[in-house]
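Colleague: I'm new to this and would like a close look at a single part of this protein. Could you walk me through the nonpolar patch on the surface, and where it sits in the wider picture?

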Amino acid sequence: MALPVYASPLERLWHRTYLVICAAIFLFLIAPILIVIPLSFNVEPYFTFTKEMLSFDPAGFSMRWYDSLLTVGMTTPEGPRDAAWWSMVWHESTWVKAAKNSVIVGFWSTLLATFLGTLAALGLSRPEMPWRRAVMAILISPMIVPIIIIATGLFFFYSNPCSVLGFSCGRLTSTYTGLVMAHATLGIPFVIITVTATLSGFDQSLIRAGASLGASPSRTFFKVVLPLITPGVVSGALFAFVTSFDEVVAVLFIAGPEQQTIP
């Protein structure tokens, strides 16, 4: 963002210094990736730059590691790289199946967490809601309670989810439904926090203004409230997706062989 014309020399200096600091922090965070990516093309099984790589000799570079990544779990990894081979990669490769599971579970758990978290944040933002602090503490507890405890509790509950009602039903372990619900549980607190922060500056009189003009509650929400809280909803959804994509402990407890994700 450009500085206004009336900015003082000291403000301009601080602005440039701030940009330099941000660039340095970004470079510090991304530097390991900039080193690891070239090393992934090393033809030798050593985590170091060889003489051939430093001299940009084509003999020192190879795609062997990416080929191994694709062929893990395949029944016949050797063969011409034709359409049939890529079809086998899509259906048999362990890493490809894990990537598909991560994306599928992350997508649906993000939708569920965003929907439920936004509803919870809207309710918690109402001043007349009783026990707001207690409810808020319970809803964001997955961020505080160790994941091993949550995963253990989810495993025992999903093994017979209807036991609390006194009868038996199908289990949710080793199913995509159970995994999506578990990841949504871990993502809901992030949505609640971001949407609640957005609603803290929301003018409640806008809702009353919409109602006074004849808009129904649903129309007021979609035309007035939702556009204003969209940044918080999107931020919470991104956090929920990253949480799901990076989760490993809950997968180890709940998922079956067909639901294994990348982590």
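Modeller: Sure, and one term comes up right away: pLDDT is the predictor's confidence in each residue, on a scale from 0 to 100. You need it here since this is a predicted model. The mean pLDDT of the protein is 82, and 95% of its residues reach 70 or more. Among the elements, α5 has the highest mean pLDDT, 88, while helix α9 (residues 205–212) has the lowest, 77.

Now to your patch. On the surface, Met63, Trp65, Tyr66, Leu69, Val72, Trp95, Val103, Phe241, Val242, Phe245 and Ile262 form a nonpolar patch, and together they have about 930 Å² of accessible area. Three elements give two or more residues to the patch: α3 (64–71), α5 (94–124) and α10 (217–246).

Let's pick out one member, Trp65, which is found in helix α3. Is Trp65 buried, exposed or partly exposed? Trp65 counts as partly exposed because its relative accessibility is 34%, and that label covers values from 20% to 50%.

For the wider picture, an unreviewed UniProt entry lists residues 18–41, 103–122, 134–158, 178–199 and 220–242 as "transmembrane region". In the model, residues 220–242 are 100% helix and 0% strand, with end C-alpha atoms 31 Å apart. Residues 18–41 are 92% helix and 0% strand, and there the end C-alpha atoms lie 36 Å apart.

Finally, the protein is divided into domain 1 (9–61) and domain 2 (95–254). Taken over C-alpha atoms, the centres of domain 1 and domain 2 are separated by 37 Å.

Key: Residues are numbered from 1 along each chain as its sequence is written. This is a predicted model: local features need pLDDT of at least 70, side-chain atom pairs count only at pLDDT 80 or more; totals for chains, interfaces and linings use all residues. Side-chain values use heavy atoms; hydrogens and water are left out. Patches are made of residues with over 30% relative accessible area and no salt bridge: like charges are joined within 9 Å, nonpolar side chains (Val, Leu, Ile, Met, Phe, Trp, Tyr) within 5 Å. Accessible areas come from the Shrake-Rupley method with a 1.4 Å probe; for residues, only the protein chains shown count as cover. A salt bridge is a side-chain nitrogen of Lys or Arg within 4 Å of a carboxyl oxygen of Asp or Glu. Helices (H or I, at least four residues) and strands (E, at least two) are DSSP runs, numbered from the N terminus. Buried means under 20% relative accessible area, exposed over 50%, partly exposed in between (1.4 Å probe, protein chains only). UniProt positions are given in the numbering used here, feature names are shortened, and annotations may be inferred rather than shown by experiment. Domain bounds come from an automatic or database domain assignment.
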